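Here are a few exercises to try with the model open in your viewer. Take each task first, then compare your steps with the solution below it.

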Amino acid sequence: MNALIQENATTTTSTNETIARQLRWRYATKKFDPARKVSDTDFETVKQALALAPSAYGLSPWRFVVVNDPAVRAHLRAAAYGQAQLTDASHVVVLAGRKGLDAAYVDKFIARVAEVRGATPTALKGYRDMMVGFVDGLRTAKGDAAVDAWAARQVYIALGQGLETAALLGLDACPMEGFDAAKFDQILGLDAQGYGALAILAVGYRAADDKYAEAPKVRLAEQDVLVEV
């Protein structure tokens, strides 16, 4: 038993060290090597990380568009002020938030909960009414823009989970804004789907001559951002 406890402790320590090392290693990659491609297996894990990301109530008010078509990626690059990651990264995902989230969207989610958990929508009525009450209350108090902003904040949780997963897999990644959202929505048909582009996740491998790769990571000191009470 003592040997098993010691083995588990060693594994935990190793895991902790690996996580910390990979988070120190990662950076917002500015220049990708277009010749290197992420394996299907690794990218599938990144996609799962996005799909499994937490959100308020579990509502998942997002859509993640994996852009494979080189021509579409070229159009997106033009709408992102020429940022090369759009065409040079192995994979590009556009993260979009749900616009005008309403009772109908909540009902769609409730139907999914019922399907997965073997329940009935009737049994979930209290849960459904609570979520609809929150959304309607927010809309009444602060307007449609506040509901869209709330949904957008959930999307950035998914972006963070995608970045961390990429780092743990040894993949380079870059979180990106700095693009014409209206043009992205038009190119990808997001408006018609009820979504709006918010951020980009570019995934691949850093170029050997990316000058930022070896730059020391700079963050505020831990004592300035972590407080225990």
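**Exercise 1. Find how much surface the protein exposes and which atoms supply it.**

Start with the total: in this predicted model, the protein exposes about 13,100 Å². Next, split that area by atom type: carbon and sulfur atoms supply 55% of it. Then turn to the inside: of the 229 residues, 36% count as buried. For the overall extent, the C-alpha atoms fill a box of roughly 60 × 55 × 40 Å along the principal axes.

**Exercise 2. Work out the order of helices and strands.**

Count the elements to begin with: the protein has 10 helices and four strands. Now walk along the sequence, and the pattern reads α-α-β-α-α-β-α-α-α-β-α-α-β-α. Finally, look at contacts between residues at least 6 apart in sequence: 78% of them join residues at least 24 apart.

**Exercise 3. Describe the largest nonpolar core and the surroundings of Phe184.**

First, list the members that touch the most others: among the 38 residues of this core, these are Leu86, Val94 and Phe184. Second, ask which elements contribute two or more residues; including strand S2 (91–98), helix H5 (103–117) and helix H8 (181–188), they run through to strand S4 (195–204). H5 gives the most, with six residues. Third, zoom in on Phe184: leaving out residues up to four places away in sequence, Phe184 touches Leu76, Ala79, Ala80, Leu86, Val94, Phe179, Ala197 and Ile200. Last, look elsewhere: a separate core of 19 residues includes Val93, Ala158, Leu159 and Leu163.

**Exercise 4. Compare the charged side chains.**

Tally both signs: there are 26 positive and 27 negative side chains. Then locate the centres of the two sets, which lie 2 Å apart.

How values were computed. Residues are numbered from 1 along each chain as its sequence is written. This is a predicted model: local features need pLDDT of at least 70, side-chain atom pairs count only at pLDDT 80 or more; totals for chains, interfaces and linings use all residues. Side-chain values use heavy atoms; hydrogens and water are left out. A nonpolar core is a set of buried Ala, Val, Leu, Ile, Met, Phe, Trp, Tyr and Cys residues joined through side-chain atoms within 4.5 Å. Buried means under 20% relative accessible area, exposed over 50%, partly exposed in between (1.4 Å probe, protein chains only). Contact means heavy atoms within 4.5 Å. Accessible areas come from the Shrake-Rupley method with a 1.4 Å probe; for residues, only the protein chains shown count as cover. Lys and Arg count as positive and Asp and Glu as negative; His and the chain ends are not counted. The place of a charge is taken as NZ of Lys, CZ of Arg, CG of Asp or CD of Glu.
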